[in-house]
Amino acid sequence: MQTVDWTSVLVWLLLRLLFGLGSLLNIQSKPTMSEAPPAAADQTERTRPNILITGTPGVGKTATASLVAERLGFQHLCVGDLVKQNKFYEGKDEKFDSVILDEDRLLDHMEQMLADAADEERGVVVDYHGCDLFPERWFDLVLVLRAKTDVLYDRLVERGYSETKRSENMECEIMQIVLDEARASYAEEIVHEVQSNTLEDMEGNVTRVEQWVQQWIKDNA
Ligand SMILES: Nc1ncnc2c1ncn2[C@@H]1O[C@H](COP(=O)(O)OP(=O)(O)OP(=O)(O)O)[C@@H](O)[C@H]1O
Ligand SMILES: [Mg+2]
């Protein structure tokens, strides 16, 4: 006859109490983009969702975000442009030919823009190559665009990026830095990784976002 190992049973029960059965068994199901995710923490004020489109420079964030904004009548907030227009930087990083952000001023400005858009019952599509600087509560959907190495390389060459800047960005895409950053910064169910290699990919991504937004409005507005 088998004897019961009461110590193991006790440890199991204790762990179950502490962490919950789901996390112990890792049985969380991954929702698809057609399922509306739970509302973000402070979205009670919003009648339209806010979307973040992120990814390595050159993956197609601005092109995709402007299409999404146009189709849905959302406000497109291109963070790179905002930074330049308002001089939200503290200096320049000569080596990487990029600016050192003044995050506090940028975030204060964006917070106000998001609040104004919510007052106007308008959704916002934010596009930026970073995602961990924004408060989690701002977004209901985070789309991480990905591109194949050869496709991205050609786009960066076309832009006339320096060798250093090209290598840094290629490495960033290969190492999926932005995807990992998004997964670490937002709830798993709102982060979606999609390919952005061709115009068909872009069209498909825009259509999926449109459908997702319609579902979100039905469920949350
Ligand atoms: N899915 C795609 N299929 C074909 N071309 C694309 C696609 N996405 C973007 N492009 C093209 O690649 C170039 C870079 O796109 P875009 O400027 O939107 O990138 P980005 O992610 O906003 O870059 P950055 O972070 O530097 O602002 C543009 O010429 C754009 O038209
Ligand atoms: Mg851009």
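Let's start with helix H5, which covers residues 103–119. Its 17 residues reach 24 Å from the first C-alpha to the last, close to the 24 Å expected at 1.5 Å a residue. After H5 comes Glu121, with a positive phi near 55°.

Before going further, keep in mind that you're looking at a predicted model. The protein averages a pLDDT of 86, and 79% of the residues score at least 70. Residues 15–31 are the stretch to treat with care: pLDDT stays under 50 there, and the model has eight contacts beyond four places in sequence for them.

Now move to strand E1, residues 50–54. Is this strand mostly covered or mostly open? Mostly covered: five of its five residues are buried. In a regular strand, side chains alternate between the two faces of the sheet. In E1, Asn50, Leu52 and Thr54 sit on one side, with Ile51 and Ile53 on the other, and both faces are covered.

Which strands pair with E1? One is E5 (residues 124–128), which runs parallel to E1 over five bridges; within that pairing, Leu52 has Val126 as its bridge partner. The other partner to look at is E6 (residues 141–146), again in the parallel sense, over four bridges. There, Ile51 stands opposite Leu141.

Next up is helix H3, residues 61–72. Its twelve residues should span 16 Å at 1.5 Å a residue, and because the end C-alpha atoms are 16 Å apart, the model agrees with that expectation. The buried residues of H3 are Lys61, Thr64, Ala65, Leu67, Val68, Ala69 and Leu72. An α-helix has 3.6 residues a turn, so residues three or four places apart point the same way. What do the buried residues of H3 pack against? The list takes in E1, E5 and E6 from the strands we just walked through, plus strand E2 (75–78) and helix H9. Just past the helix, Gly73 has a positive phi, near 70°.

H3 also brings us to ligand 1, since both H3 and H9 (199–220) supply at least two residues each of the shell around that ligand. How many residues surround ligand 1? There are 17, and the closest are Pro57, Gly60, Lys61, Thr62 and Ala63. Lys61, then, is among the closest residues to the ligand and is also one of the buried residues of H3. By type, the shell divides into five nonpolar, nine polar and three charged residues.

Note on methods
Residues numbered from 1 in each chain as written. Chains lettered and ligands numbered in written order. Predicted model: local features only at pLDDT ≥ 70, side-chain atom pairs only at ≥ 80, totals over all residues. Near = placed C-beta within 6 Å. Nonpolar A, V, L, I, M, F, W, Y, C, P; charged D, E, K, R; others polar. Buried ≥ 20, exposed ≤ 12 C-beta atoms within 10 Å, placed from the backbone. Pairing = 2+ DSSP bridges. Expected span 1.5 Å × (residues − 1). Contact = placed C-beta atoms within 7 Å. pLDDT = per-residue confidence, 0-100.
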